[in-house]
Amino acid sequence: MTLSAPVTTKYEAIIGLETHCQLSTKTKIFSNSSTAFGAPPNANIDPVCMGLPGVLPVLNQKVLEYAVKAGLALNCQIAPYSKFDRKQYFYPDLPKNYQISQYDLPIAEHGWLEIELVDEQGNANRKRIGITRLHMEEDAGKLVHAGSDRLSGSTYSLVDYNRTGIPLIEIVSEPDLRSGQEAAEYAQELQRIVRYLGVSDGNMQEGSLRCDVNISVRPVGQEEFGVKVEIKNMNSFSAIQRAIEYEIERQIEAINNGEPIYQETRLWEEGSQRTISMRSKEGSSDYRYFPEPDLGPIEVPSSQLEQWKSELPELPAQKRDRYETEIGLSPYDARVITDDRAVAEYFEATLAEGGDAKQAANWIQGDITGYLKTEKLNITEIALTPGALAELTGLITSGTISGKIAKDILPELLTQGGSPKELVESKGLIQISDTSALEKMIDEAIAAHPKEVESYRNGKTKLKGFFVGQVMKLSGGRADPKLTNQLVEQKLNG
């Protein structure tokens, strides 16, 4: 009698993200206090954001513009009529005991965002993630707990109201994500889009972009969702991925052990790399929404909508597609170059000056990015202009200089600028492509290393690289690498 193996249930994760994005306006959503980050506690406050009696909020026009532009970039339908609502809840950093948000009539709905995952073979796999809604709201303040990073265990708490009234858009995705990798890429694409638009700096470390994850698991093939758990406190894309991967395993293990999963909010603990329970999850009915009586409805005229639509830049996904199909970059190269709008514009300016696309992409991704990271600079702050980079790639393509010489002069170009061609000529670095001159150096290298010659001719053909290196030394790095390789092989075999 043969016992059959136990049936192992396969599960899939159902993941949606709620992303709060702080808008880069100079003043708050309903008052004229500054939104500057890093001010002393309670320096950027006023009667409106503090909810003092008798004050009235006034919507910041720039907030509406930025919200609409973000909605358009996310392929949303912009509502012809929307309104603000009061979301009631008590917390010490919420002075009014309610938050002005949007509930049933948000400014934008029914959109989508395309993510792109590049596999190990360099192939791009694209997937559309639905956007349920995008709405405007104000931020709450910040509690600082003394003696602990959480309320539990602290000796006392301080409140900083600078963040109160900071303008936010909340972007709610459809539950279309299925892995931590997909969720992290979705969040990164959101960051790219708001940065390209200029509506937010998207800085997660400063709280300008905050993602809450809703996650449940269910057996593959089942239509009904499992019990949803929310995860908070993730301040990087890698943390989002790791928190989701941990929570998927935790929920599957609980189901397999017959333990219940509760609808709750959990925190991601970076130190222990785990999620921990924070509180039971509220439902929307707990907030007792009703229309905000101090703010009128919002109607965006079609002429204004068309103007804002015309001001949208080419977005990251559009650039990636164009770079791959029209310029011929690989999906990986296109992804890296378009990650930052300033870098993409620098790349395009280099091509406009006649630079080689592949070489320009390689230099930008490699040595130039390395320099930017080391010096903590933006690409707009370097002395090497797009025209100079185009000239540098032209010198390599024409054989005037080698790639090694280009690397040698790059630091000076990055810090002092100038013409690569003039620099090469002034330093006497023009590549040696004269056959007779190279042959003399090759003969000298061969004569100086008879044992290596004998080893090469006895089958150790990898020693060809040794002799090429000797010639490069004799030439001060100016020997034409391709021609040198050919001539060395001919001499050694002869």
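Colleague: Which residues lie nearest the centre of the second largest pocket, and how many residues line it?

Modeller: Rolling a probe the size of a water molecule over the atoms shows where empty space is left. In this predicted model, 18 residues line the second largest pocket, and Arg195, Val336, Asp339, Asp340 and Val343 lie nearest its centre. The elements that each give two or more residues to this lining are α2, α6 (331-338), α7 (341-352) and α8 (357-375). The space in the pocket comes to about 540 Å³.

Colleague: How should one read a helix, and which residues of α3 are buried?

Modeller: An α-helix has 3.6 residues a turn, so residues three or four places apart point the same way. In α3, the buried residues are Phe237, Ala239, Ile240, Ala243, Ile244, Glu247, Ile248, Gln251, Ile252 and Ala254. Among the elements that cover them are β1 (11-22), α2 (180-197), β10 (209-219), β11 (229-232), β12 (264-269) and β13.

Colleague: What span should α3 have, and what lies between its end C-alpha atoms?

Modeller: Helix α3 holds 20 residues (237-256), so at 1.5 Å a residue a span of 28 Å is expected; the end C-alpha atoms are 29 Å apart, which agrees. Just after α3, Gly258 adopts a positive phi of about 75°.

Colleague: How many aromatic pairs does the structure hold, and how is such a pair described?

Modeller: A pair of aromatic rings is described by the distance of the centres and the angle of the planes. The structure holds 6 aromatic pairs. In one of them, the ring centres of Tyr89 and Tyr287 are 5.9 Å apart and the planes stand at 65°, so this pair is edge-to-face.

Colleague: Where in the chain do Tyr89 and Tyr287 lie?

Modeller: Tyr89 belongs to the loop between β3 (85-88) and β4 (98-101), and Tyr287 to the loop between β13 (274-280) and β14 (290-291), so their pair ties together parts 198 residues apart in sequence. The rings of Tyr287 and Tyr289 also pair: their centres are 6.1 Å apart and their planes at 75°, so they too are edge-to-face. Ring pairs link Tyr89, Tyr103, Tyr287 and Tyr289 into a cluster.

Colleague: Is Tyr287 buried or exposed?

Modeller: Tyr287 is buried, at a relative accessible area of 15%. Tyr89 is partly exposed at 28%, and Tyr289 is partly exposed at 22%.

Colleague: Which residue lies over the face of Tyr287?

Modeller: Lys87 lies there, 4.4 Å from the ring centre. Elsewhere, the charged end of Lys96 sits over the ring of Tyr98, at 5.5 Å from its centre.

Key. Residues numbered from 1 in each chain as written. Predicted model: local features only at pLDDT ≥ 70, side-chain atom pairs only at ≥ 80, totals over all residues. Heavy atoms only, no water. Phe/Tyr/Trp six-rings, centres within 6.5 Å; stacked < 30°, edge-to-face > 60°. Helix = DSSP H or I, 4+ residues; strand = E, 2+ residues; numbered from the N terminus. Buried < 20%, exposed > 50% of the residue type's maximum accessible area, 1.4 Å probe, protein only. Lys NZ or Arg CZ within 6 Å of the ring centre and 35° of its normal. Expected span 1.5 Å × (residues − 1). Contact = heavy atoms within 4.5 Å. 1 Å grid on protein atoms, 1.4 Å probe; cavity = no way out; pocket = protein on both sides within 12 Å on 5 of 7 lines; lining within 4 Å. Points joined across faces, edges and corners; volume = space filled by probe spheres on them.
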